[in-house]
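Student: Got a minute to go through this structure with me? I'd like to start with the loops and then look at the packing.

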Amino acid sequence: MAVSKPCVCSGIRRCMQCDKSLYLPKTLQGDSSNCGQSTYIYCISCQTCHIINSGHGDDNYTTDSNFITNTGSVNQCLKDSTTNKYIDGICVVPDFINSNSELNLVQEIDRYAWKESQSGRRKQDYGAKVNFKKKKINLAPFTGLPCFARGVVDKLQTLPFMGDFVPVELCNLDYNPQRGASIDPHIDDCWLWGNRLVTVNLLADSILTLSRGDCDWVVFVPMPRCSLLVLSDEARYLWSHGIQRRHINSRRVAMTFRELADTFDKTKLGDDLTSLAMSFGGSVVL
């Protein structure tokens, strides 16, 4: 007999509500362990990954403020260690926005309706409706990026490596520990979306987990509150990224911007989508 769920999770995805409704024991709730895999921390300072355990037991790192701070400081930087690893395409910019800007952004974001999403998240979409299986794009519901995103995009484009970044989609995600919010490891679509995935991290520190099926190690990437994260190149295309339930300790809002893939350059569809996005007059697409 099928058990109805009190949430919108489907397939293998779960949140706190469906864990409880399915009467799962504590051992099956929440995140899978990293036991058996070596765990590395990405250092913001030297941009390399330092080992924190060698797979003999699960790590116990959460979003403790000292952990988030120290992973970006010289105090824990082991730049010359022979155990370090490097992944091309990870960039974390601490204090990308200040606390006043953060407050204003969250207030503007919360003025619009949130929609229940998978794994305990809520979301707001500002972008075209896309059928990824059939590779079809419907511009009709999309009216542009929201006005409150203009300042963020302007600031992004002042960074040396982001001057040509033109986003055509904004997805806001709301993570709350009371819902057991998380996001499963995944690689974003490569047909439509381009090389850079850009996230502004609001309200709370968190950790992004990078993993690969052919690797016996994972990487924790610290995302301090008010920071910017850019994934590109190897980190974007070869590594799955996700956020574990245990790494959400208070409400977190993520603003994720995506650019078009190069195949849409100088096409009518690409030009229309870009022009619409950059009007900054959009409302949330429900």
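**Backbone and core**

Student: Where does Q47 sit?
Tutor: Q47 is in the loop between β1 (38-42) and β2 (49-53). Strands are DSSP runs of E, at least two residues; helices are runs of H or I, at least four; both are numbered from the N terminus. This is a predicted model: local features need pLDDT of at least 70, side-chain atom pairs count only at pLDDT 80 or more, and totals for chains, interfaces and linings use all residues. Residues are numbered from 1 along each chain as its sequence is written, and side-chain values use heavy atoms, without hydrogens and water.

Student: What is the phi of Q47?
Tutor: Positive, about 60 degrees, although Q47 is not a glycine.

Student: Is Q47 buried or exposed?
Tutor: Q47 counts as partly exposed, at 40% relative accessibility. Buried means under 20% relative accessible area, exposed over 50%, partly exposed in between (1.4 Å probe, protein chains only).

Student: And what about D233?
Tutor: D233 also is not a glycine, and its phi is positive, about 50 degrees. D233 is in helix α5 (residues 233-237). Its relative accessible area is 35%, partly exposed.

Student: Now packing. How many residues are in the largest nonpolar core?
Tutor: It has 40. Such a core is a set of buried Ala, Val, Leu, Ile, Met, Phe, Trp, Tyr and Cys residues joined through side-chain atoms within 4.5 Å. F96, L156, V200, L202, L228, M255 and F257 touch the most other members.

Student: Which residues does L156 touch?
Tutor: F96, M162, F165, V198, L228 and F257, leaving out residues up to four places away in sequence. Contact means heavy atoms within 4.5 Å.
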